[in-house]
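User: Please take a close look at one part of this structure and describe how it sits among its surroundings. A connected account would be preferred to a list.

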Amino acid sequence: MASAHIATERFVDIAQRVTANDHFGARAIWEPLQQLVPKLFQEANPMPIKHCLWRQGLVASPECRLPLSSVSVELGGILDRLLGDLA
C-alpha cells in the first residue's frame, strides 16, 4: 500500500485498532486520510507520493526520471494542504 508511506504511523495505528476491535477509533484516524489517499493516485504514480515524501523531508527531491516529471501545480497545492491537515 503505497499511501502508507505518507503517514505510516497512522496506518499502523489503524491496523492495531481494527485488530483490537476498536473500529470507531480506527475510523477517527482514517477520517483525515480519506481525502488524501485518492489524491495520491490522481496523477501518474509515484509522483504525488514522491511530492508528499519530499514535503515531509523524507526524500531530497520531488523529481523522478523521465517520462515522469512532477505533479501539477494544482495537485501540489492540494497535497500540501492535505498534509498540513495531518499535522
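Analyst: The buried residues of H2 are Gly-25, Ala-26, Ile-29, Leu-33, Leu-36 and Val-37. This description rests on a predicted model. The cover over these buried positions of H2 includes H1 and helix H4, the latter spanning residues 73–86.

The spacing of several of these positions can be read against helix geometry. An α-helix has 3.6 residues a turn, so residues three or four places apart point the same way. Among the buried residues of H2 are Ala-26, Ile-29, Leu-33 and Leu-36, and the numbering of these four advances in steps of three or four.

H2 itself runs over residues 23–39 and contains 17 residues. From its first C-alpha to its last it reaches 24 Å, which is close to the 24 Å expected at 1.5 Å a residue. H2 nevertheless has a kink of about 45°, and the centre of that kink is Pro-32.

H2 carries a salt bridge between the side chains of Glu-31 and Arg-27, with a distance of 2.8 Å from N to O. Why can these two residues be described as one turn apart? Glu-31 and Arg-27 are four residues apart in helix H2, and therefore about one helical turn separates them. Neither partner falls under the 20% limit for a buried residue: Glu-31 is partly exposed at 39% relative accessibility, and Arg-27 is partly exposed at 43%.

One residue from outside the helix meets H2 at a buried position. Ser-3 lies in the segment before helix H1, which covers residues 8–19. With a relative accessible area of 5%, Ser-3 counts as buried. Leaving aside residues up to four places away in sequence, Ser-3 touches Phe-11, Val-37, Leu-40, Phe-41 and Ile-49. Of these contacts, Val-37 is one of the buried residues of H2.

The two helices named as cover for H2 have salt bridges of their own, and the structure holds five salt bridges in total. In H1, the side chains of Arg-17 and Asp-13 meet at 3.2 Å, N to O. Arg-17 and Asp-13 are four residues apart in helix H1, so they are separated by about one helical turn. Arg-17 is partly exposed at 30% relative accessibility, and Asp-13 is partly exposed at 26%.

In H4, a salt bridge joins the side chains of Asp-85 and Arg-81 at 3.7 Å, N to O. Asp-85 and Arg-81 are four residues apart in helix H4, so about one helical turn lies between them. Asp-85 is partly exposed, with a relative accessible area of 48%, and Arg-81 is partly exposed at 46%. Salt bridges that share partners link Asp-13, Arg-17 and Asp-22 into one network.

Finally, covalent links were considered. A disulfide is a covalent bond between the sulfur atoms of two cysteines. A search of the whole structure finds zero disulfides. For Cys-52, the nearest cysteine sulfur is that of Cys-64, 14 Å away, whereas a disulfide requires a pair of sulfur atoms within 2.5 Å. Cys-52 is buried at 0% relative accessibility, while Cys-64 is partly exposed at 24%.

Terms used: Residues are numbered from 1 along each chain as its sequence is written. This is a predicted model: local features need pLDDT of at least 70, side-chain atom pairs count only at pLDDT 80 or more; totals for chains, interfaces and linings use all residues. Side-chain values use heavy atoms; hydrogens and water are left out. Buried means under 20% relative accessible area, exposed over 50%, partly exposed in between (1.4 Å probe, protein chains only). Contact means heavy atoms within 4.5 Å. The expected span of a helix is 1.5 Å times one less than its number of residues. The bend at a residue is the angle between axes fitted to the seven residues ending there and the seven starting there. A salt bridge is a side-chain nitrogen of Lys or Arg within 4 Å of a carboxyl oxygen of Asp or Glu.
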